[in-house]
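Subject: Structure for your review

Dear colleague,

I am handing over the structure that we discussed, together with some notes on what was found in it. Please have it open while you read, since the notes move from the whole chain to individual residues.

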Amino acid sequence: MRDQAPTSVRLARHPSDAVGQIRTLRGGHRGRIRGALVTINQALAGADRDGERHYYPELLRMKGELLLQDATGRPVSAAEDCVRAALDVAREQGALFWELRGALSLARLRVTEGRHNDAKAILAPIYDQFTEGFETADLRAARNILNAPPS
């Protein structure tokens, strides 16, 4: 009988597969969030090891989102650091879609903090670079934040 690698190790070698797996694991249950964090850390390590970094900004963003879900009263600085790193990597890659998703995560955090103007300042320059696809979920979400009345 052949030894099979655990799913999380296999996913670490295929970041695109890890993204889907993590989405199914992050359903709010603390154990699932922790399992998703383990998987995402393995996927990030695999991407670093193999140089497969196309999904790296999304993995970092998702890690930040998971850390926010798991924060429950703790500082959110680690989560924010992950999202900011996702934005930086997306910019380096010239990956506008991943940059938008990272900016959306950070803008949503600012909205929950009551910092609506900061949220708009994060999103506007990225949103303004798009010339099509305005009915996609991410661009609609960005537009909703940008069009929200000042608080």
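What follows is a description of the chain, its nonpolar cores, several helices and a few side chains.

The model is predicted, so to speak of a local feature a pLDDT of at least 70 is needed and side-chain atom pairs count only at pLDDT 80 or more, whereas totals for chains, interfaces and linings use all residues. Residues are numbered from 1 along each chain as its sequence is written, and side-chain values use heavy atoms, with hydrogens and water left out.

**The chain as a whole**

The chain contains eight helices and zero strands, where helices (H or I, at least four residues) and strands (E, at least two) are DSSP runs numbered from the N terminus. Of its 151 residues, 41% are buried; buried means under 20% relative accessible area, exposed means over 50%, and partly exposed lies in between, with a 1.4 Å probe and protein chains only. Among contacts (heavy atoms within 4.5 Å) with a separation of 6 or more, 57% come from residues 24 or more positions apart.

**The nonpolar cores**

A nonpolar core is here a set of buried Ala, Val, Leu, Ile, Met, Phe, Trp, Tyr and Cys residues joined through side-chain atoms within 4.5 Å. The largest one has 19 residues, and L100, L104 and L123 have the most contacts inside it. Two or more residues of this core are given by each of helix 5 (77-93), helix 6 (96-112), helix 7 (116-127) and helix 8 (137-147), and the largest share, six residues, comes from helix 6. Leaving aside residues up to four places away in sequence, L104 touches L123, D138, A141, A142 and I145. There is also a second, separate core of 14 residues, which includes A36, L37, I40 and V89.

**Helices 5 and 6**

Helix 5 has 17 residues and its end C-alpha atoms are 24 Å apart, which agrees with the 24 Å it should span at 1.5 Å a residue; the expected span is 1.5 Å times one less than the number of residues. Its buried residues are A79, E80, C82, V83, A86, L87, V89 and A90, and the helix is followed by G94, whose phi is positive, near 70°.

Helix 6 also has 17 residues and reaches 24 Å from its first C-alpha to its last, close to the 24 Å expected. Because 12 of these 17 residues are buried, helix 6 is largely enclosed by the rest of the structure. Its buried residues include the charged-type names E99, R101 and R110 beside W98, L100 and L104. Looking at E99 more closely, this residue of helix 6 is buried, with a relative accessible area of 9%, and it touches L87, A90, R91 and I126, not counting residues up to four places away in sequence. Just after helix 6, G114 takes a positive phi of about 80°.

**Helix 7**

Helix 7 has 12 residues and reaches 16 Å from its first C-alpha to its last, close to the 16 Å expected at 1.5 Å a residue. Its buried residues are A119, K120, I122, L123, I126 and Y127. They cover an arc of only 165° around the axis, which puts them on the same side of helix 7; the arc is that of the directions from the helix axis to the C-beta atoms. What covers these buried residues includes helix 5, helix 6 and helix 8, while the face turned away from the buried side carries the exposed residues N117 and A121.

**Residues outside these helices**

E135 lies in the loop between helix 7 and helix 8 and is exposed, with a relative accessible area of 57%. Its contacts, again without residues up to four places away in sequence, include R140 and R143. P149, in the segment after helix 8, counts as exposed at 62% relative accessibility, and its C-alpha atom is separated by 9.9 Å from that of N117, with the two positions 32 residues apart along the chain counted as their distance apart.

**Aromatic rings**

The structure holds three aromatic pairs, and ring pairs link Y55, F97 and W98 into a cluster. Rings of Phe, Tyr and Trp (its six-membered ring) pair if their centres lie within 6.5 Å, and planes under 30 degrees apart count as stacked, over 60 as edge-to-face and the rest as tilted. In addition, R53 lies over the face of Y56, at 3.8 Å from the ring centre; a charge sits over a ring if NZ of Lys or CZ of Arg is within 6 Å of the ring centre and within 35 degrees of the ring normal.

With kind regards
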